[in-house]
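Reader: I'd like a close look at one pair of packed helices in this one. Could you walk me through it, starting from the whole chain?

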Amino acid sequence: MTRKREFKSQEIYVNMGPQHPSTHGVLRLMLRTDGEIVSDVAPMIGYLHRCAEKYGESGTYQMMIPYTDRMDYLAGMNCNWAYCLAAEKLGNVVVPERAEYIRIVMGELNRIASHLIAFGTYGLDLGAFTPFFYALDEREKILDLFEMVCGARLTYSYFRIGGVSQDLPEGWEQRCNQFIDDFRLRMKEFNDLLSHNYIFIKRTADVGVISPAMAIDYGCTGPVLRGSGVRWDLRIDEAYSLYDRFRFQIPIGRGEKGAIGDSWDRYMVRIREMEQSCDIIKQALRGLPDTGEYRAKVPKVFKPPKGEVYVRSESSKGELGFYLISDGTDRPYRVKARSPSLSNLCVLPAISEGMMIADLVATLGSLDIVMGEIDR
Amino acid sequence: MEIQEIHARLAREFPDAVEAPPEVTSGETFLKVTAASIQDVCRFLKTESDLEFDSLMSLSGVDYPPEELVVVYHLCSTLRRHRVVLKVFVPREDPKLPTVSSVWPTANWHEREAYDLFGIRFLGHPGLRRILLPHDWEGHPLRKDYVFPTEYRGIKCHD
């Protein structure tokens with residue numbers, strides 16, 4: 001015979017972070033919970049604020065480039081690129097064709113490196129340790145390639161206004177080609193390890209569903225938006241650089257394991273994007289002109305005419321935009337970075353009500369945020 | 001839709017609230033909107049079937065001392081593939097304007113950032129408080145006349 005027990009429940013506040021392994025950096029989530037059920041989430045950000053925009057205003061245009069590396073430190077090349085695109089549009093600089101091809105190769109390699117971290121750490125969040133080592137192993141090879149071109153493995157500052165800082169070293173193309181061939185074979189292992197793992201699917205399918213309308217309303221971009229089934233990629237929809245010469249697919253969430261826009265969809269979009277990036281790199285290495293300038297002639301004192309531009313590009317996390325205002329001097333009057341992670345994170349309170357704490361971890365990981373970019 | 005057409009469309013609906021886009025020699029032009037009508041203009045831009053500005057790309061503050069602060073809205077329509085820039089000029093002494101976070105929820109955090117770094121107050125915002133800086137920080141750092149503090153909670157900083 002069982003005796004009926006009365007349980008009293010009570011809502012309490014719990015701090016998740018700022019030092020917490022699953023918050024991907026110094027993010028603090030203020031949770032209101034009743035037992036394991038989350039009733040409210042309030043993200044507290046700013047722990048990594050380094051006044052990047054203020055620095056941008058106080059230095060010359062070129063001096064901002066190293067700060068952009070430190071925004072999304074997992075995709076420094078993409079951040080360099082977005083800033084240089086804005087400065088070039090402001091100053092009407094034409095980038096040589098060879099430089100554009102080099103930029104596309106670097107941008108896509110960095111996208112793969114960034115998605116590898118997303119893949120590896122997402123496994124860690126959900127209790128799978130092994131995929132992380134597989135991911136880092138591959139990422140190291142990409143960092144080796146970056147080290148060959150610019151000497152740095154994390155904060156590259158390889159892009160310059162008008163091109164890149166130096167030409168590719170001897171034999172780099174072959175090594176990059178070889179890496180892509182090997183990497184394509186390794187992709188199958190990733191899928192076997194994590195993507196189609198029964199426990200992984202149970203943890204991520206139907207968890208943290210973001211509807212397409214909600215994703216657009218909250219300003220989600222990149223894999224988060226595409227995971228919700230919206231076919232929107234700035235590389236095609238607002239083709240910058242030479243992306244209009246390339247043929248590739250835009251993977252979107254199709255709700256294969258649960259609802260469209262769940263955590264598994266967002267995860268899978270990143271995996272498929274890595275395959276597409278391999279295709280783009282292959283095409284770029286084939287199309288790379290043998291001769292030509294790697295940097296346009298840009299005066300050392302770069303003074304764009306009075307005016308303003310907002311230029312956006314598709315970084316690994318989504319739409320990375322720079323709003324630059326020139327007052328005609330060699331220093332920008334205003335530098336504003338629109339970071340994709342900030343908008344991708346602000347949807348979290350709206351989707352996490354009534355969720356289990358463990359599912360909140362799964363949802364947060366699937367958003368793939370980088371705090372350096374949110375706090376700037 | 002080009003910016004002149006968008007302006008004509010808005011001028012019909014909101015006479016006196018929107019100014020014609022100024023000629024610029026370089027870069028992008030914009031529409032100047034009055035502070036009082038920004039929320040209605042934004043809702044109109046979002047809901048009207050031939051405009052459909054469903055996405056707020058970016059919301060930034062800019063400081064032009066000694067008179068004005070500017071709030072810049074970069075809008076884009078993912079359905080119609082057009083974009084527009086709106087600017088609201090507010091007095092530097094008492095900068096306030098209605099929030100657009102009821103139109104695009106993403107504006108919530110962007111407006112908090114503009115409040116934090118420029119001191120612009122967004123009326124009707126659901127929780128206008130500092131977002132990047134500590135809650136007890138003094139001043140708004142991205143204003144051009146911001147004086148750098150020498151101490152914060154007993155931590156001394158040097159020049």
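Author: Sure, whole chain to begin with: 51% of the 376 residues of chain A count as buried, meaning that 20 or more other C-beta atoms, placed from the backbone, lie within 10 Å of the residue's own. Keep in mind that this is a predicted model, where local features need pLDDT of at least 70, side-chain atom pairs count only at pLDDT 80 or more, and totals for chains, interfaces and linings use all residues. Residues are numbered from 1 along each chain as its sequence is written, while chains are lettered from A and ligands numbered from 1 in the order in which they are written.

Chain A has 15 helices and 9 strands (DSSP runs numbered from the N terminus: H or I of at least four residues for helices, E of at least two for strands).

Now the pair. Helix α5 (residues 130-150) of chain A packs against helix α6 (residues 172-195) of chain A at about 170 degrees, their axes 11 Å apart; axes are lines fitted to C-alpha atoms over the stretch in contact, with angles from 0 to 180 degrees between N-to-C directions. α5(A) and α6(A) are therefore roughly antiparallel, the word for angles over 145 degrees.

Who touches whom? On the α5(A) side you'll find, among others, A:Tyr134, A:Leu145 and A:Met148, and the α6(A) side includes A:Trp172, A:Phe179 and A:Phe183 (contact means C-beta atoms, placed from the backbone, within 7 Å). The contact of α5(A) with α6(A) has 12 nonpolar, 1 polar and 5 charged residues; Ala, Val, Leu, Ile, Met, Phe, Trp, Tyr, Cys and Pro count as nonpolar, Asp, Glu, Lys and Arg as charged, the others, Gly among them, as polar.

Methods. Angles under 35 degrees count as roughly parallel, over 145 as roughly antiparallel, 65 to 115 as roughly perpendicular and the rest as oblique. Two residues are in contact if their C-beta atoms, placed from the backbone, lie within 7 Å. A residue is buried if 20 or more other C-beta atoms lie within 10 Å of its own, exposed if 12 or fewer, and partly exposed in between; C-beta atoms are placed from the backbone.
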